[in-house]
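Subject: Structure handover

Hello,

Here is the structure I promised to pass on. Please open it beside this note and follow along.

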Amino acid sequence: MNLEKPIITVTSPLLPDLKEFEKLLEDIWQRKWLTNNGYYHQELEKALAEYLKVPYISLFTNGTLPLITALQALRITGEVITTPYSFVATTHSLWWNGIKPVFVDVEERTGNIDPEKIEAAITPRTTAIMPVHVYGTPCNTYKIQQIADKYGLKVIYDAAHAFGVTVNGKSVLEAGDMSTLSFHATKVYNTVEGGALICHDEATKKRIDYLKNFGFADEVTVVAPGINSKMDEIRAAYGLLNLKQVDKAIEARKTIAAQYRAGLQNIKGIRFLSDIDGVKHNYAYFPVFIDEQEYGLSRDELYNKLKENNIFARRYFYPLISNFPIYRGLESAVPANLPVATKLAEQVLCLPMYADLVDYEIDRVLELFFIS
Ligand SMILES: *Cc1c(COP(=O)(O)O)cnc(C)c1O
C-alpha cells in the first residue's frame, strides 16, 4: 500500500445528519417500540411508496430476504431462469428455496439477461424468470414479459441496483410480478442493512407481510412457514432521513458519471455505459469494460495499478455466479453457454462512485488510465 496517497474506495455510504438522527432516536426511546411494524416502519413504507411511485411495498431487514420471500409468496418451485452476471444473493435465493437455477447469457451492451436466449432454456419444470437490472440499467421488461406470458411464467426482478430508476416516467419496479430492493450500506439508498419487496396488489402485500413475520396473521394464527425479516425502528428512522437527501446524491453521481465519461471517451479499448433515452438513471455504479488487446493492459493489470495507488476499484461481477463451486456443476453453468457473461466478467472494473467523490479524486482515478 502506498501510504502517501489517501485511499479511495469503490463506494462510501450516504449518511444522514447525525444531529437529526439523534432527535429521532430520542423519539424512539420515548415510544419504547423498537420493531414489529412500528411508527417509523409505517412512515418509511409510506414515504418510499410515494417516492418510488409504487403502491405496495414491504420493508425487509436486508435485500436477500425479499428475494427468498418473493419465491415463497409466489410458490415458485422447479427451475428458475436467471442471470449469472449478478451478486451471488440472486442465485442463493433460489438455492434456499430448493429451486434449480438455470443460467442464461446476458446482453453485451447492458449486462442484463438476454431475452433472445430465454426461450431455449425453458423446460416443463420452469416456473419463473429472475432477471437483474444490473448497475441499475433496466432490463428489456417488455420482451421478458412477452415470454413469461407465452409460457405462463412468473417474473421476479432483482432490482437491488435500480432504486429510483424510471422508464418514460414509470418506475422500473412496476415490471413483472414482484421486484426486490436492497438498502445495504453500499447501495445508492441505504438503511445500513435493509431491503424491500414490491408487489402489485393488496392481497399479495398482506401475504408478504405475514411471511416476513413468521407467518403470523394475528396473535394466534400462523398461515405460512414465514421467516423473520422485519426492519426495526432505528433503521427505518435512519432511512427516512436518507430519503430526504437521496435525490441530491443521485444528482452528484450523475455529475461524476459525466466527468468519468468525458475523461475516458478517447481512450481506445475502454468502454462504458451510456444513458438510455427515456430512462432516469441512478448511477449506482460506474463499470468500465477493458479490451486488453486494444487498451494494452488487462483488466487485472489496471485493477492492480489502481490498487497500488490506493484506489480500490472492484470487479463487479467477477467471478460469475455460475463459476462458484456451489453452482459450477449445473449444465447451464458451462462457460460455453455463457460467452458474453464470461467476457464481461473478465473485462469489467467498477470505478469509485459515490456522492461525496470530489474532482481531484476523480482526476486521480482518470490519470491512471493513461499508459505512460
Ligand atoms: C446487494 C445485492 C443483493 C443483496 O442485498 P443485501 O441487502 O446485501 O442482502 C441482491 N442482489 C443484488 C444484485 C445486489 O447487488
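Start with Tyr 135. This is a predicted model, and in it Tyr 135 has a relative accessible area of 5%, so it counts as buried. Phe 317 has a relative accessible area of 6%, so it is buried too. The cut-off for buried is under 20%.

These two residues form an aromatic pair. The search of the whole structure gives 17 aromatic pairs. In this one, the ring centres of Tyr 135 and Phe 317 are 6.2 Å apart, with 20° between the planes, and the pair is stacked. The pair links distant parts of the chain. Tyr 135 sits in the loop between β5 (126–130) and α5 (141–151). Phe 317 sits in the loop between β16 (311–312) and α10 (339–347). The two are 182 residues apart.

Which residues join Tyr 135 and Phe 317 in one aromatic cluster? They are Tyr 85, Tyr 285 and Tyr 316.

Now a second pair. The rings of Phe 272 and Phe 286 have centres 6.1 Å apart and planes at 35°, so this pair is tilted. A pair counts as stacked under 30 degrees and as edge-to-face over 60. Phe 272 belongs to strand β13 (residues 270–272) and Phe 286 to strand β15, so the pair ties together parts 14 residues apart in sequence. Both Phe 272 and Phe 286 are buried.

Two rings also have a charge over the face. Arg 271 lies over Phe 289, at 4.4 Å from the ring centre. Lys 187 lies over Phe 87, at 5.9 Å from the ring centre.

**The largest pocket**

Phe 87 and Lys 187 come up again here. The largest pocket holds about 680 Å³ of space. It has 36 lining residues, and the closest to its centre are Phe 87, Lys 187, Tyr 285, Tyr 316 and Phe 317. Tyr 285, Tyr 316 and Phe 317 are also members of the aromatic cluster. Which elements give two or more residues to this lining? They are α4 (89–95) and β17 (348–351). By class, the lining has 20 nonpolar, 10 polar and 6 charged residues.

**Strand β17**

Look at β17 next. In a regular strand, side chains alternate between the two faces of the sheet. In β17, Val 348 and Cys 350 point one way. Leu 349 and Leu 351 point the other way. All four are buried. β17 runs antiparallel to strand β15 (residues 286–290), and 4 bridges join them. Val 288 has Leu 349 of β17 as its bridge partner.

**The second largest pocket**

This pocket holds about 370 Å³ of space. It is lined by 16 residues. Nearest its centre are Asn 37, Asp 209, Tyr 210, Lys 212 and Asn 213. Three elements each supply at least two lining residues: α2 (39–52), α6 (202–211) and β11 (216–218). Which of them gives the most? It is α6, with 5 residues. The lining divides into 3 nonpolar, 4 polar and 9 charged residues.

**The cavity**

How many cavities of 30 Å³ or more does the search find? There is 1 in the whole structure. The largest cavity has a volume of about 40 Å³. Its lining includes Ala 160, His 161, Ala 162 and Phe 163. Lys 187 and Tyr 285 are also among the residues that line it. Both of these are among the residues closest to the centre of the largest pocket. The cavity lining has 7 nonpolar, 3 polar and 1 charged residue.

**Strand β5**

Last, go back to β5, which comes before the loop that holds Tyr 135. Is β5 mostly enclosed or open? 4 of its 5 residues are buried, so β5 is largely enclosed by the rest of the structure. Strand β3 (residues 79–82) runs parallel to β5, with 4 bridges between them. There, Ile 81 has Ile 129 of β5 as its bridge partner. β5 also pairs with strand β6 (residues 154–158), in the parallel sense, over 2 bridges. Ile 129 appears here too, with Val 155 of β6 as its bridge partner.

Best wishes

Definitions and conventions: Residues numbered from 1 in each chain as written. Predicted model: local features only at pLDDT ≥ 70, side-chain atom pairs only at ≥ 80, totals over all residues. Heavy atoms only, no water. 1 Å grid on protein atoms, 1.4 Å probe; cavity = no way out; pocket = protein on both sides within 12 Å on 5 of 7 lines; lining within 4 Å. Points joined across faces, edges and corners; volume = space filled by probe spheres on them. Nonpolar A, V, L, I, M, F, W, Y, C, P; charged D, E, K, R; others polar. Buried < 20%, exposed > 50% of the residue type's maximum accessible area, 1.4 Å probe, protein only. Pairing = 2+ DSSP bridges. Phe/Tyr/Trp six-rings, centres within 6.5 Å; stacked < 30°, edge-to-face > 60°. Lys NZ or Arg CZ within 6 Å of the ring centre and 35° of its normal.
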